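Visitor: I am new to this structure and would like a close look at a single part of it. Please take one helix and the sheet beneath it, and then show me how that part fits into the rest.

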4 protein chains.
Amino acid sequence: MVKVSVIGATGYAGAELLSILLRHPQAQIAHITSESHTGKKISELYPHLRGLCDMTLESLAEIEKIGSDSEFIFIALPHGHAMDVGLKLEKFPVRIIDLGADYRFSDVSIYEAWYNVEHKHKNAQRVYGLAEIYRNEIREAKIIGNAGCFTTASILALAPLVKHHLIDSNSIIVDAASGVSGAGRGLKLGNHFPELYDNFKAYNVARHRHTPEIEQALKDLSGEETIINFTPHLVPMSRGILATCYASIKEKVSDDMIDAAFQKMYGAEKFIRLLGKNSYPETKFVRGSNFCDIGWHIDERTRRVIILSAIDNLVKGAAGQAVQNFNIAAGFYEGVALEVVPLYP
Amino acid sequence: MVKVSVIGATGYAGAELLSILLRHPQAQIAHITSESHTGKKISELYPHLRGLCDMTLESLAEIEKIGSDSEFIFIALPHGHAMDVGLKLEKFPVRIIDLGADYRFSDVSIYEAWYNVEHKHKNAQRVYGLAEIYRNEIREAKIIGNAGCFTTASILALAPLVKHHLIDSNSIIVDAASGVSGAGRGLKLGNHFPELYDNFKAYNVARHRHTPEIEQALKDLSGEETIINFTPHLVPMSRGILATCYASIKEKVSDDMIDAAFQKMYGAEKFIRLLGKNSYPETKFVRGSNFCDIGWHIDERTRRVIILSAIDNLVKGAAGQAVQNFNIAAGFYEGVALEVVPLYP
Amino acid sequence: MVKVSVIGATGYAGAELLSILLRHPQAQIAHITSESHTGKKISELYPHLRGLCDMTLESLAEIEKIGSDSEFIFIALPHGHAMDVGLKLEKFPVRIIDLGADYRFSDVSIYEAWYNVEHKHKNAQRVYGLAEIYRNEIREAKIIGNAGCFTTASILALAPLVKHHLIDSNSIIVDAASGVSGAGRGLKLGNHFPELYDNFKAYNVARHRHTPEIEQALKDLSGEETIINFTPHLVPMSRGILATCYASIKEKVSDDMIDAAFQKMYGAEKFIRLLGKNSYPETKFVRGSNFCDIGWHIDERTRRVIILSAIDNLVKGAAGQAVQNFNIAAGFYEGVALEVVPLYP
Amino acid sequence: MVKVSVIGATGYAGAELLSILLRHPQAQIAHITSESHTGKKISELYPHLRGLCDMTLESLAEIEKIGSDSEFIFIALPHGHAMDVGLKLEKFPVRIIDLGADYRFSDVSIYEAWYNVEHKHKNAQRVYGLAEIYRNEIREAKIIGNAGCFTTASILALAPLVKHHLIDSNSIIVDAASGVSGAGRGLKLGNHFPELYDNFKAYNVARHRHTPEIEQALKDLSGEETIINFTPHLVPMSRGILATCYASIKEKVSDDMIDAAFQKMYGAEKFIRLLGKNSYPETKFVRGSNFCDIGWHIDERTRRVIILSAIDNLVKGAAGQAVQNFNIAAGFYEGVALEVVPLYP
């Protein structure tokens, strides 16, 4: 049994993480924390956990003690806070999987420019936590910067075509839509039920922070500077992300070459389901699971490829991915606790 | 490994059953059938099962062969069809768990009166499949008539008070509401998305077929003839049932007596979570799980008790309960494959 | 043109009121107020009003000025605040329609007991604002205490049977469900989108403040003390209330007598649609309109009548009813600005 | 009073048309038809119309009689059927507003290629029914081919920039999402409530029939051949379309030039609300109304403009637009019956 702790357990990603860890036969949850609810039981805040996880929330003030009592620490805090934890635990043997943005960027200046905050832990030994692309690096990493939700869906959709240079990098547009759990549990008018129900809208156009994260991974794959458009939308539903990705196909690229690129990169992946050409992933088909379903279409009139990918934002887009990374880093079978059937309908 | 088959696998209850059986370490799915989709893969009809269950649907025409090749058969057919299967398999050692109504009634004439159909298998050796009440009978039964969805929520809410004679049996009113998956996958205008979205309605007032089923169980518990009002409503959501049950409290009955009745009957039950007095179960807190959450309130002004119970209609109200019954009947630990964390939010 | 003002225009009821008044050919909106948003345009807070109503929100501090500049004042403030306004405007000729609870009770002690606040304006000349029952009193009233949302649906469903003594008053149970706009625009976790979506729950069992309001009206109609059970539920939708009302029918009461009671009381009512026996009102069929649709059922086995009534909680349950009262009080045709087709689907 | 008839009144667009015409002071509904429900009252099929429109549905078999008894005919039939009506009424003075696709294309071969059907009324005197662009042509037209829902949102978003040559025509991508009423009232599994709830998906990628319709209008405006990508998505909500449109800005084009183009084209338009740069239209802010709300953003990194437009698919996207065209063609004030406040929340 590996002892793990969850720092910031009361957000949606934190709670999802607990759900997954509870069914993990090789993980033992040692500590869970929350600054705003220290001393309460997690099941008071999330009654669906009653009888399943009634642990008491501790405080970050004890982070060194928690760190020394854990082999892995999952951090699910707002950006800017994980690096404090990372710094304090630098000398401890504990390994860190951060679900936030602090450790996602290899070029810290990009982080600082998009997040408007100074990075305090620039020399951290870290790796980007998207298993299908960075698996080898994840195995030994001290700190894993778990990939974001929109970024996971977008990168996985585009990676094979970018890696094999089948599309024009600077033609990429990602138009994505997310269920509301992606916006977190914090109250705001835009996510108040009557405002959002029977409603659909875009937000953060041309300035969403997942943009540079997608660009970083695409550049890693192609070796080319890549600038994309990314537009997120909010769907009146709880869970799920669909990314609709557009790119111009290079000359002489055939359908078979596209199909081969997907097969080569993902054919052996446990959590990617390739639906093939002319198919339609739906968010509900992956709900509650760690799957990323991918389908693609060619528009011969415009010579663009349209790739569709669907994930559950809280699982493959956050907590599931974190446990997948944990399994890799801890040397377990990658699917432990993650091979669940999507909840449908 | 026990070989099981699912007759009628393409309805929502059938698909949920597959989801649960796929994670059952001691069950092996031998055959699945569908008359309207014979020859197709189940994952063509339910793409969320792609890669997880790609079995081919067979036909009922082969029921004897299926029966002789299975130790347990789950039937998820419309009422009136399971008794045909039951008759044909009478001489086989296979045991049957029927998710429909055909084997739920000990007095067949009640079934015939409410379902408008002649019963063809009146002398079947059968038991009502609600584990918390009929567990001992389930162990050895040849045929288990799995309890209905509304009935499960209603009976579990009322059983302790009826059994201990704390309420007036003929004062009982059950006002319940269900998500739309309870109405099945068959198309009809009332369940067409735009008609139901942002809408709420009652249906089958004073004539829903779950009424006599609730009455039968309450009578079994109290020994008294019991006539109740039952009113179902349709909620614009996918899953979940909340039953709001009203009854007049007998004189001199105290809160403690009510609490004791719940504790005594359910204190050791794995799938019932007693939230206690003045608490509020919510359907989402049990979503995807086999739990029944129960809370209760006293209105001192009218001397009525109001009991609230929440289940997932497709799990504890159908497929989960069926697997719970299967575990009991097969001699397994009752919670196998059923101890999942509810999917929230 | 009659000059009207809206005190507390930024809640959902206030905004709905503006929508209706904007299409009222004989009303001119003079002032709108908000304490938390004074100085802003209402269309900044409610962008659907852009170009239709860009008035600036004033402060209650100027209430005497507003009062002397208006013939009618609509108040849509939390309970406890309207009586301050009422007191201050006592000497002005302006008439008041309060959408809150302060002026709904003829016996002020009931208000004080259920709302936990001292009434400061006990001797106010007021009337209960439910037009179908108190129309004559409304014509001349100085202050109209507009009926609540659940109460409107409940009272209208029960009134004919109570008035004609066809049911046992003390057998009444009202089980009702409301869309989330009924809970207001104030942020709270329970109404955060991901918490409520795909979820259903009861709240305030045995203690909702609409209970004594329903009882008051039923007593007015029957002359008998009446104690009822009232249970509200929250439906994951924006608008609409369905009340499911249960009562024991007195001996020798026939279906025809019930039908006649409804016809006699509502046959000439513009905003009540009698659907008749065995019919099912749906909230969406009245969405955005001032209608109350009513259907009813008899359960011969229990000798109970089940009456179903549907309204839009923000229209007939709040702002529409207020304008209906305004039309009566101002001597206009009762349907002005209210004869709209429900928005379906 | 102008006599109008509605051919195909039982679809969602037909029913919405009735709702609008019922409040039109200068229109009298003469006939309504349905082939599948001839002889029934429309209010049996749409109970929200009870008491408001209880007209009996007639049959198309009487089209000449209906045509000679009407000054305007609205057709809301599936494509391929309106041209039969158009042919039969060619010699009658009646004017036609077709909500379907049959009369939308000036180049009939495009219609035939995308709709897979031979056009039978090629020489019809027709005009494209998008008032903001073709207003003058609409005034005198015999047949008006009312613009489609996605096309209305897309064309209005792009028209000013295309007309003033501020963007590269062949860089245009329209990524749009619609509520489910856009898919009609016909039953199909994909629109069955439990399948779509909490779900999001794309459909008809690279082959949706609204594509050439958008291209036709853009070409009319710019004079250049235009090929675009258009991708529709289905949102789990009833009503509303949001179009997210991408295009590369030409060199030296400034924000002011973009703003000026919108102002010049739409500054005086009654039903277009320009929200300006960096703003976010939401579908709910136009629900039930004839508005098209438009906002736009510049991504300086990619030099693309992103234009967002929101409409109610059944109003500005269908029935409202039809009545707007009717008002123009009949010589009425353009806003008659259409100046309603959006229904929010």
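Guide: In this predicted model, helix α7 of chain C, residues 149–163, lies across six strands of chain C, namely β7 (173–178), β9, β10 (241–248), β11, β12 (292–299) and β13 (304–311). The direction of helix α7(C) runs at about 35° to that of β10(C).

The strands belong to an open sheet of seven, whose order in chain C is β8-β9-β7-β10-β13-β12-β11, and the pairing within this sheet is mixed. At its edges stand β8 (201–202) and β11 (272–277) of chain C, and because each has a single partner strand, one side of each is left without a neighbour in the sheet. For β8(C) that partner is strand β9 of chain C, residues 229–234, with which β8(C) pairs in the antiparallel sense over two bridges. In one of these pairings Lys201(C) has Leu234(C) of β9(C) as its bridge partner. As background, strands of a sheet pair through backbone hydrogen bonds, either parallel or antiparallel.

A second sheet can be followed in chain D, where seven strands form an open sheet in the order β3-β2-β1-β4-β5-β7-β6, with parallel pairing. Here the edge strands are β3 (57–58) and β6 (126–129) of chain D, each of which pairs on one side only. Helix α11 of chain D, residues 315–330, packs on this sheet and touches β1 (2–7), β4 (72–75), β5, β6 and β7 of chain D, while its direction makes about 155° with that of β7(D). Strand β5(D), residues 95–98, and strand β7(D), residues 143–146, run parallel and are joined by three bridges, and Asp98(D) has Gly145(D) in β7(D) as its bridge partner.

In chain A, attention can turn to strand β6, residues 143–146, which is covered on both faces: Ile143(A) and Gly145(A) are buried on one side, and Ile144(A) and Asn146(A) are buried on the other. As a general point, in a regular strand the side chains alternate between the two faces of the sheet. Strand β4 of chain A, residues 95–98, runs parallel to β6(A) and is joined to β6(A) by three bridges, with Ile97(A) standing opposite Ile144(A). Strand β5 of chain A, residues 126–129, also pairs with β6(A), in the parallel sense and over four bridges, and there Gly129(A) stands opposite Asn146(A).

Taken as a whole, chain A has eleven helices and 13 strands, and its C-alpha atoms fill a box of roughly 60 × 45 × 40 Å along the principal axes. A compact globule of 345 residues would have a radius of gyration near 20 Å, and chain A, with 20 Å, agrees with that. Of the 345 residues of chain A, 61% count as buried. Among the contacts in chain A with a separation of 6 or more, 70% are between residues 24 or more positions apart.

It remains to see how the chains meet. Between chain A and chain D, 38 residues of chain A are in contact with 38 residues of chain D. The elements that give two or more residues to this side of chain A include β7 (173–178), β9 (229–234), β10 (241–248), β12 (292–299) and β13 (304–311) of chain A. The residues on this side of chain A divide into 19 nonpolar, nine polar and ten charged. Chain A is superposed on chain D by a rotation of 180° with 0.0 Å of shift along its axis, at an RMSD of 0.0 Å. Because 100% of the interface residues of chain A are also interface residues in chain D, the copies meet through the same surface.

The contact between chain A and chain B takes 21 residues from chain A and 21 residues from chain B. Helix α1 of chain A, residues 12–22, gives the largest share of this side of chain A, three residues, and the residues on this side divide into eleven nonpolar, six polar and four charged. A rotation of 180°, with 0.0 Å of shift along its axis, superposes chain A on chain B at an RMSD of 0.0 Å, and that is the relation of a two-fold axis. Here too, 100% of the interface residues of chain A are also interface residues in chain B, so the copies meet through the same surface.

How values were computed
Residues numbered from 1 in each chain as written. Chains lettered and ligands numbered in written order. Predicted model: local features only at pLDDT ≥ 70, side-chain atom pairs only at ≥ 80, totals over all residues. Least-squares fit on C-alpha atoms with pLDDT ≥ 70 in both. Contact = placed C-beta atoms within 7 Å. Rg over C-alpha atoms; globule rule 2.2 N^0.38 Å. Buried ≥ 20, exposed ≤ 12 C-beta atoms within 10 Å, placed from the backbone. Pairing = 2+ DSSP bridges. Axes fitted to C-alpha atoms, helices over the stretch in contact; angles between N-to-C directions. Nonpolar A, V, L, I, M, F, W, Y, C, P; charged D, E, K, R; others polar.
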